[in-house]
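Please read the following account of a ligand site and of the nonpolar cores with the structure open beside it.

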Amino acid sequence: MSKPLVVITGASSGIGAATAQAFSAAGHPLLLLSRRLDRMEQFGLPETLCIGVDVTDTAAVKAAIEQAETQYGPVGCLVNNAGVMLLGQVDVQDPAEWQTMLNVNVMGVLNGIHAVLAGMKQRGAGTIVNISSVAGRKTFPDHAAYCATKFAVHALTENIREEVSGTGVRLAVIAPGVVETELLSHTTDEGIKAGYQEWKQDIGGAIGPEVVADAIMFAYNQPPNVCIREIVLAPTSQQA
Ligand code: NDP
């Protein structure tokens, strides 16, 4: 019997790409979503539909998931992973950067949930894994707007988990510390970027995205009556 469809947003690099490899190796059909379609297609994963979608586009996210469900059946798991981190100090940072982070990190996650939750509730089964951050639990210098978006991911995940706990649908939040990906590269403040790289080196480097993918798989693979509510994981030497 074929395994349930897994939808992964932000699958073109980093944690999303590693998660796509992990679920594919476990035999799941996949829907991969991000803006860089070529990157996702290059993985060459079997039983995988890749669609170039901006997660801030509510209708496009819904349409892509409907298309995948027609091909592979109902979504068993949604991994809301797409995100951007534009670090800065709010007195000097371009407000457009806050808006981008709010749109992708918060609206994007809500768009994904909106597209799958009604069906999951109806079927009485399904798992939604939202990727937050240690920056969704505590503050860091230069992270104010990013932390605001990740605290929001923690809050909305727990809120919806409580609301649907009687329906068979599970919500989990995964909160990584520093992971070796492209995430920092989009920050426009070169001084902040250099400081972050230095700190990463000082603590002996980041963890690999496949470690986070393993944590996501662990949450998903629990029996249906077990909900992993939160996993926090970081390099051992990351103090904060
Ligand atoms: P990457 O930059 O490597 O990956 C981010 C992914 O999000 C890319 O696939 C990118 O695809 C996608 N994305 C960005 N904007 C959009 C958009 N508007 N629509 C669709 N997809 C989008 O970074 P990570 O793998 O590190 O990031 C994944 C998640 O992990 C993020 O939510 C991040 O906040 C979180 N995280 C990362 C940590 C780290 O240290 N790396 C630590 C804690 C949490 P594309 O550009 O092709 O659209």
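A polar side-chain atom of Ser34 lies 3.4 Å from an oxygen atom of the ligand, a polar contact in the sense of a pair of N or O atoms within 3.5 Å. Arg36 likewise places a polar side-chain atom 2.7 Å from a ligand oxygen, and for Thr181 the distance between a side-chain N or O atom and an oxygen of the ligand is 2.6 Å. Taken alone, the ligand exposes 880 Å², of which the protein buries 97%, with areas from the Shrake-Rupley method and a 1.4 Å probe. Helix 1 (14-25) and helix 5 (144-164) are the elements that give two or more residues to the surrounding shell, helices being DSSP runs of H or I with at least four residues.

The model is predicted, so that local features need pLDDT of at least 70 and side-chain atom pairs count only at pLDDT 80 or more, whereas totals for chains, interfaces and linings use all residues. Residues are numbered from 1 along each chain as its sequence is written, and side-chain values use heavy atoms, with hydrogens and water left out.

In total, 28 residues surround the ligand, the closest being Ser13, Arg35, Arg36, Tyr146 and Thr181, where a residue counts if one of its heavy atoms lies within 4 Å.

Turning to the protein interior, the largest nonpolar core (buried residues, under 20% relative accessible area with a 1.4 Å probe and protein chains only, joined through side-chain atoms within 4.5 Å) has 47 residues, of which Val7, Leu31 and Ile128 touch the most other members. Helix 4 (residues 95-123) supplies the largest share of this core, eight residues.

Terms used: Polar contact = N/O pair within 3.5 Å; in protein donor to acceptor, adjacent residues only side chain to side chain. Buried < 20%, exposed > 50% of the residue type's maximum accessible area, 1.4 Å probe, protein only.
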